[in-house]
Amino acid sequence: MTQDELKQAVAQAAADYVAEHAPEGAIIGVGTGSTANFFIDALAPLKERYRGAVASSEATRKRLEGHGIAVFDLNEVEHIPVYVDGADEVDAGLNMVKGGGGALTREKIVAAVADLFVCIADGSKLVDTMGKFPLPVEVIPMARAHVARQLVKLGGRPVLREGFVTDNGNLILDVHGLSISDPKGLEAQLNQIVGVVTNGLFAMRPANLLLLGTAEGVRRIG
Ligand code: 5RP
């Protein structure tokens, strides 16, 4: 199976999971990236079942609306039973590195509101220790150099994501060279750096369920 076929399989499994676990008329949280895009496509045939969605990025909002799925401002929404999103890395504790697509801040906000976080990923994303994938950190532009110096002190090698501005008007530093043995501790530490908007570690709010695409089928972890 190709990587896209694995992503499609987990996206379909997630759409089935949502149909089973979210009540009719619910508003669904939708993530960002190529796997999330397959999920949006799998959700579309069931769109009459839901009131709509909250999008974690402008790209996702456009794709949802392209399918005729109503997109709500999060401030208008009290309850999101389930949030479905991909990851760049995920470990056995369902901690994740996210933000390869640069949408980490809105992803973390929607995830914070949702009752359940379902992570969808092809098998290559499951790792023993996170950190091989450079950790995205969203920063306020005027704090870029300050934050980069603090990240170096923590043992990382921050690299500015060239030509990229987030949906929130900020920059991304991709931090190489971190071996993330304490995901929750590092997430908290990075949050303390003045000028950091969000870091791509999702450990304080990990996934509740991982749907992992493998050649043998979709594995459910969690
Ligand atoms: C975007 C993300 C994505 O979930 C992550 O980058 C995985 O993307 P893909 O499904 O394309 O591999 O965090 O900010």
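How many nonpolar, polar and charged residues make up the shell around the ligand? The legends below answer this.

This is a predicted model: local features need pLDDT of at least 70, side-chain atom pairs count only at pLDDT 80 or more, and totals for chains, interfaces and linings use all residues. Residues are numbered from 1 along each chain as its sequence is written, and side-chain values use heavy atoms, with hydrogens and water left out.

**View 1. The shell around the ligand.** The shell has two nonpolar, nine polar and six charged residues. Asp, Glu, Lys and Arg count as charged; Ala, Val, Leu, Ile, Met, Phe, Trp, Tyr, Cys and Pro as nonpolar; the others, Gly among them, as polar. Of the 17 residues around the ligand (a heavy atom within 4 Å of it), S34, T35, D88, G99 and K125 come nearest.

**View 2. Polar contacts of the ligand.** Each contact is a pair of N or O atoms within 3.5 Å. The side chain of D88 places an N or O atom 2.7 Å from a ligand oxygen. For the side chain of K98, the distance is 2.9 Å. G86 uses a backbone N or O atom, 3.3 Å from a ligand oxygen. The protein buries 91% of the 380 Å² that the ligand exposes alone (Shrake-Rupley method, 1.4 Å probe).

**View 3. The largest pocket.** The ligand takes up this space (more than half of its atoms lie within 2 Å of the grid points). The pocket holds about 170 Å³, the space filled by probe spheres set on the points. T32, G33, A87, D88 and K125 are the closest to its centre among 17 lining residues. A pocket is an open set of points on a 1 Å grid over the protein atoms alone, where a 1.4 Å probe fits, with protein on both sides within 12 Å along at least five of seven lines; lining residues have an atom within 4 Å of a point.

Methods:
Polar contact = N/O pair within 3.5 Å; in protein donor to acceptor, adjacent residues only side chain to side chain.
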